[in-house]
Amino acid sequence: MKNPMIQVKNLIYDYLISKNEDEEPERHRAIDDVTLTVETGDFIAILGHNGSGKSTFAKQINVLLKPTSGTLIVGGMDTADEKNLLPIRQTAGMVFQNPDNQIIATIVEEDVGFGPENIGVPTDEIWKRVEKSLSSVGMLHYRKHSPNRLSGGQKQRVAIAGVMAMKPDCIVLDEPTAMLDPAGRKDVIATVRELNEKENVTVILITHYMDEVVFADKVFVMDAGRIALQGTPREVFSQVEKLKEIGLDVPQVTELAHELKEEGLPLPDGILTPEEFREEIEKLWQSSAEMSPTSILKEADLKSRLSIRSI
Amino acid sequence: MIGHTGSGKSTLIQHLNGLLHATAGDILYDGESIYAEGYSLRKLRSQVGLVFQYPEHQLFEATVLDDVMFGPKNLGLSVEEQKERAITALGQVGIEESLFDASPFELSGGQKRRVAIAGVLAMQPKVLILDEPTAGLDPQGKKEILGEIAKLQKEQQITVVFVTHCMEDVAEYADLILVMNHGKVAFYDTPARVFAHKEELKDLGLDVPQVTLVMQELHEIGLPVSADVITLKQAKDQILRVFAANASSRDEEVACDA
Ligand SMILES: Nc1ncnc2c1ncn2[C@@H]1O[C@H](COP(=O)(O)OP(=O)(O)OP(=O)(O)O)[C@@H](O)[C@H]1O
Ligand SMILES: [Mg+2]
């Protein structure tokens, strides 16, 4: 059996804030006793309100920050050990929110080749990797282009290609679609899913878009530095009320289905996508046309509620 | 205002407070050309507040509170007034008092965004222009901030222009949608009418809200729902109505048979 990609045990992280020189710095706890495992090849989503600790956690995986206490093992390597720094960064690559801050070179292919070149990969191997990773994000056609002429979604895909050229086992994406238009968002998510499915790259996606989470194998919800909820998307999104309590949302169709169910329509919990919603309503519609009048829902109840509302 | 990346949204709105000067054409504010000789751009900017895209890059003061006081200070208000406005604005964007003395650099991405928006709210502009104000905000933060802005718009009768990639927000808050495409206006109409153009919007790299999509599909397969639903509440009412009506028509059938 393969080792887990990431193992986190009782992880605590405190930011130290010094107001002035002579005072003892204040501690601000951003990660508060997190224990979790990410299996190799999984697609993981992390949700949580602003300031809940998601980015801090992501930075730990990439060793931009080290645990205050507890342990974090990435690909079998302890992030606390200095000598693991480079191998860990090659194992787990990072993609950030703003595409403009991540692209350095003036030509797409040079940007993608930058990482491998930096670690001394031989030239012909670099070009092989550049070609392969650009084609895996669907951007090979743009290899000679200047990055600043690309759309936000295209830039993000180039940034992902740059990470892929390092042949990581895992990519951590911190709100990669926050600044993209709907088409750009779809492209980036499709790209990431494909890398996960075809190349077995472990994916950790941090996002505020609930509809991007429905594809994940597992979802972790962070709240005040802790893991508040975890499970499959269906399990997590079935808990509409709980999610709302911690300031989160569910996909719009999930919420619609939930509200309809509360009104008495017999819909299953945790409908995740527009397709599922349409199918369920269609089924209900067909059976309501066939069945005896009283069997489908508590109509009287429903009608009275409706007439109250329409006044 | 919606449109694919690079469609010209940010460029257009930067004209509205005179940051960019049009190559040709004119802009009237309150009936007056902002390009007229002697027109005070300074005054224009005190009335037309602009929250940039990625405004967090513009936080520069030592503390959160100082940063939000900066605008009112520039308007020449007293320190008390500056403070009062800053505190009100920070409340509106949901920044807790414990963060007032923090350095903006110690904040999370979403917290920075909120502080930056507070900076413009504290100027109490008549026209509030926001370039993707909610990118990177959590769902509740988004609701809070858009809710506050909608409240300001209604209570103080200010005009709001916001750029967004989130179609659900457009459906919920906007009176009108302006769709940009390659530097031109593709649509300028009510949300329901614009979202009726599902296919064209897709070609422009855009989308419709999830509820609009499912209701259009249900309409197409023959359910008696209208295809111009744009909010969750409308969708819910329509679906409940359909199932209730279906049930009652069957009641009648049963009655006739008897
Ligand atoms: N450099 C820093 N110095 C001090 N405190 C920080 C620093 N960066 C973040 N924090 C604090 O740590 C907590 C966690 O922040 P983090 O950036 O991990 O949140 P997040 O979940 O990524 O939020 P967002 O959704 O807004 O990106 C917050 O309370 C934040 O104010
Ligand atoms: Mg973050």
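**Exercise 1. In which order do the strands of the 3-stranded open sheet of chain B lie, and is their pairing parallel or antiparallel?**

Before we start, keep in mind that this is a predicted model.

Step 1. Let's read across the sheet: the order is 4-5-6, and the pairing is parallel.

Step 2. Now look at the edges. Strand 4 (48-51) and strand 6 (159-163) of chain B each have a single partner strand, so one side of each has no neighbour in the sheet.

Step 3. How are neighbours turned against each other? On average by 10°, with direction ignored.

Step 4. Zoom in on one pair. Strand 5 (residues 127-131) of chain B runs parallel to strand 6 of chain B, and 5 bridges link them. Among the partners, L128(B) is matched with V160(B) in strand 6 of chain B.

**Exercise 2. Find which strands of that sheet helix 1 and helix 5 of chain B touch.**

Step 1. Take helix 1 (residues 9-16) of chain B: this helix packs on the sheet and touches strand 4, strand 5 and strand 6 of chain B. Its direction makes about 155° with that of strand 5 of chain B.

Step 2. Next comes helix 5 of chain B, which packs on the sheet against strand 4 and strand 5 of chain B. Compare its direction with strand 4 of chain B and you get about 170°.

**Exercise 3. Work out the layout of the 4-stranded sheet in chain A.**

Step 1. This open sheet goes 2-1-4-5, with antiparallel pairing.

Step 2. Strand 2 and strand 5 (77-78) of chain A sit at the edges with a single partner strand each, so each has one side without a neighbour in the sheet.

Step 3. Further in, strand 1 (residues 6-17) and strand 4 (residues 69-74) of chain A run antiparallel, joined by 5 bridges. Follow Q7(A) across and you land on its bridge partner, I73(A), in strand 4 of chain A.

Step 4. Add a helix: helix 1 of chain A lies across strand 1, strand 2 and strand 4 of chain A, at about 115° to strand 1 of chain A.

**Exercise 4. Explain why the site of ligand 1 counts as shared between chains.**

Step 1. Look at who is there. Ligand 1 has 20 residues around it, and the closest are G51(A), K54(A), S55(A), T56(A) and G110(B).

Step 2. Chains A and B both supply residues around ligand 1, so the site is shared between them.

Step 3. Sort the shell by character: 4 residues are nonpolar, 13 polar and 3 charged.

Step 4. Now check some side chains. Polar side-chain atoms of H208(A) and E175(A) lie 3.1 Å and 3.4 Å from an oxygen atom of ligand 1. In Y15(A), a side-chain N or O atom is 3.4 Å from a nitrogen atom of ligand 1.

Step 5. How much of ligand 1 does the protein cover? On its own, ligand 1 has 640 Å² of accessible area, and the protein covers 88% of this.

Step 6. Finally, tie this back to the earlier exercises. The elements giving two or more residues to the shell are strand 2 (26-38) and helix 1 (54-61) of chain A, plus helix 5 (109-121) of chain B.

Notes
Residues numbered from 1 in each chain as written. Chains lettered and ligands numbered in written order. Predicted model: local features only at pLDDT ≥ 70, side-chain atom pairs only at ≥ 80, totals over all residues. Heavy atoms only, no water. Near = heavy atom within 4 Å. Polar contact = N/O pair within 3.5 Å; in protein donor to acceptor, adjacent residues only side chain to side chain. Areas by Shrake-Rupley, 256 points an atom, 1.4 Å probe, with all protein chains shown as cover. Nonpolar A, V, L, I, M, F, W, Y, C, P; charged D, E, K, R; others polar. Pairing = 2+ DSSP bridges. Axes fitted to C-alpha atoms, helices over the stretch in contact; angles between N-to-C directions. Contact = heavy atoms within 4.5 Å.
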